Amino acid sequence: MFRSATRNLRLSLLICFGLTAVEATALSLTRHSVVAGWMVDFFFLILTRALLTTAYVWRAMKAVSLRTHWTLIGSGMLLEVIALSMEAWLFYNSTVLHNSLNVASDYANLMLSFGTGVPIIILLALPSSGKQYSRAFFWIDMVQAILWGYIVYLKLFGVIPFTHTAIHPASNETQIIFNVTTSVAMIIVAFFRFTSATTIDEKNFFRFLTIFLVISDGMLNLHDIVAGGFTTASYYDLLGTIPILISVMLVLALPYETPEGSIPKPPGKIAEILNIGCPSLLTLMLMGAGVDAMTRFFNFGLGVVAIGFTLYLIRSVIIQRNLERSERSLKEARDELEAISLTDALTGVANRRCFDDTFVAEWSRAVRTRNPLSLLIMDIDHFKHLNDTQGHQAGDDCIAMVAKAIHGCLPRSGDLLARYGGEEFCVILPTTDSTGAQIVSTKMCETVISLAIPNETSVGPHVSISVGIATCYFPTHLTSHQLLEAADKALYRAKKNGRNRVEVALTSVLL
């Protein structure tokens, strides 16, 4: 990459100095001919901007995250090439061919010249990298930028374009002041975008844009001040091409974008404010220009203000809609993650964490309502024998089938089945006494036997389960932990007494 940048820098230096020398020589040779001098000037103005446009297209093709940025700045330069080409044609048509000036063509050329700044204005109003910028936002910004340029034209020339009214341009001093003011404002915004950039590539781009605006606008404004009134081309016209050639050199020497350079970093407070405020820049500019236009064209200016306000409302509605969609998506993702975190991956029933949380909640509810709470603990009989003889895959299949069968025996949606660990399961039965818990447990044992999962042991030819029951009646001196211990002891007794059976903890009768 370093060698490529060095090679590009050498190439750009050669192009810059070579074209500058050729233009200076051509201007010297044509200094006694007004038409030839201006045609030479137009040729190099168009050529250098065409080169810069090509450089922008090249950067856009290699872009990783800033393709929109390079496309916009390239579009502005392309419009400038077209505007200068049209201006050269109008000059040649009127001076060499002696044709009368077509007013519509002149209007079109002037409007096109103003349009060259529209993509740059949109570029400066773009959100920082990583922020959402929909197609709707692009068209809203496009309309606002075009309207702003239209109003500026109206202010400087005092006529609505393409009407048959003679153009009344503002004085050169007024136009120079406007150009300088606009240039300074754009440079300031570009510099703030550079300081608030959230990625390395974005920082490099806005550093280049700031330098480009300082050099090009500075030299062009200097040309307007020094040589704006000249009737013939001169060496001062090099001020119109040298900054563009320097910009070509900067574009070619700029570091290439990389995936790592496009990763945004958390912005600081000032950067965050700037990134939020930049998209509103165009609306403020448009509405301010509309208010200013009302002094001479009241209805038109009022309409522009109304359009600016309407576009701002549309943008706000889109942002609000996107925000609600994002919040909904985040909530769905959070709920899905929470469900995953509370679900056993093998069986699809609740896991140990979900059981612990639910058991605490149901215990607290039972204390408040004084309704009985039953807890079942069960495990698969001789599960190790099944694993050893048939393999772990058969063991996993057995656990999943048993969990599904047990879950189907739960009488209510509020009852909870959880995989407690390994082949052990727990069931929480709120507002259920000991008799009801025994009925549910017996049904579970019968259902598991009916699955007929092979496992030849002392209990029988098929998989079976043993269940321990503990029921607490309120008020009580027991704790939730003691209820869990009582159910576990009942399960131990069920295993000791032959398995494939239900045992009830003695604590279930205590008040």
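In this predicted model, ring pairs join Y56, W70, F205, F206, F208 and F212 into a cluster. The cluster is a good place to begin a tour of the aromatic side chains, for which the count comes to 13 pairs. One of these pairs is formed by W70 and F208: the ring centres are 5.8 Å apart and the planes meet at 35°, so the pair is described as tilted. W70 belongs to helix α3 and F208 to helix α8, so this pair ties together parts of the chain that are 138 residues apart in sequence. Both W70 and F208 are buried.

A pair with another geometry is found between F355 and Y420, whose rings are arranged edge-to-face, with 5.4 Å from centre to centre and 90° between the planes. Here too, distant parts of the chain are linked, since F355 sits in helix α13 and Y420 in strand β2 (residues 416-421), 65 residues apart. Both F355 and Y420 are buried.

Rings also appear beneath charged groups in this model. The charged end of K62 sits over the ring of Y256, at 5.6 Å from the ring centre. Likewise, the charged end of K203 is placed over the ring of F194, 4.7 Å from its centre.

The next topic is the nonpolar interior. In soluble globular proteins, nonpolar side chains tend to be buried together. The largest nonpolar core in this model has 44 residues, and those with the most contacts inside it are Y56, W70, L209 and F212. Several helices give two or more residues to this core, among them α2 (34-62), α3 (67-95), α8 (200-227) and α11 (281-293). Helix α5 gives the most, with seven residues. W70 shows how many neighbours one residue can gather: leaving out residues up to four places away in sequence, W70 touches Y56, R59, A60, A63, F205, F208, V251, L254 and E257. A second core, separate from the one just described, has 27 residues and includes L386, A403, L417 and I465.

Some individual polar residues complete the picture. S374 lies in strand β1 (residues 373-380). With 0% relative accessibility, S374 counts as buried, because the cut-off for that class is under 20%. How is the side chain of S374 connected to T471? A polar contact of 2.8 Å joins the two side chains. The side chain of S374 also reaches the backbone oxygen of D433, at 3.4 Å. Beyond its neighbours within four places in sequence, S374 is in contact with V427, I428, L429, T432, D433, S434, A437, A470 and T471.

T369, found in helix α13 (residues 352-369), has a relative accessibility of 42% and therefore counts as partly exposed. The side chain of T369 makes a polar contact of 3.2 Å with the side chain of N371. T369 and T431 are 62 residues apart in sequence, while their C-alpha atoms are 9.2 Å apart in space.

Finally, N387 is part of helix α14 (residues 383-390). Is N387 buried or exposed? At 16% relative accessibility, N387 counts as buried. Setting aside residues up to four places away in sequence, N387 touches H392 and G395.

Definitions and conventions: Residues numbered from 1 in each chain as written. Predicted model: local features only at pLDDT ≥ 70, side-chain atom pairs only at ≥ 80, totals over all residues. Heavy atoms only, no water. Helix = DSSP H or I, 4+ residues; strand = E, 2+ residues; numbered from the N terminus. Buried < 20%, exposed > 50% of the residue type's maximum accessible area, 1.4 Å probe, protein only. Contact = heavy atoms within 4.5 Å. Core = buried A, V, L, I, M, F, W, Y, C linked by side-chain atoms within 4.5 Å. Polar contact = N/O pair within 3.5 Å; in protein donor to acceptor, adjacent residues only side chain to side chain. Phe/Tyr/Trp six-rings, centres within 6.5 Å; stacked < 30°, edge-to-face > 60°. Lys NZ or Arg CZ within 6 Å of the ring centre and 35° of its normal.
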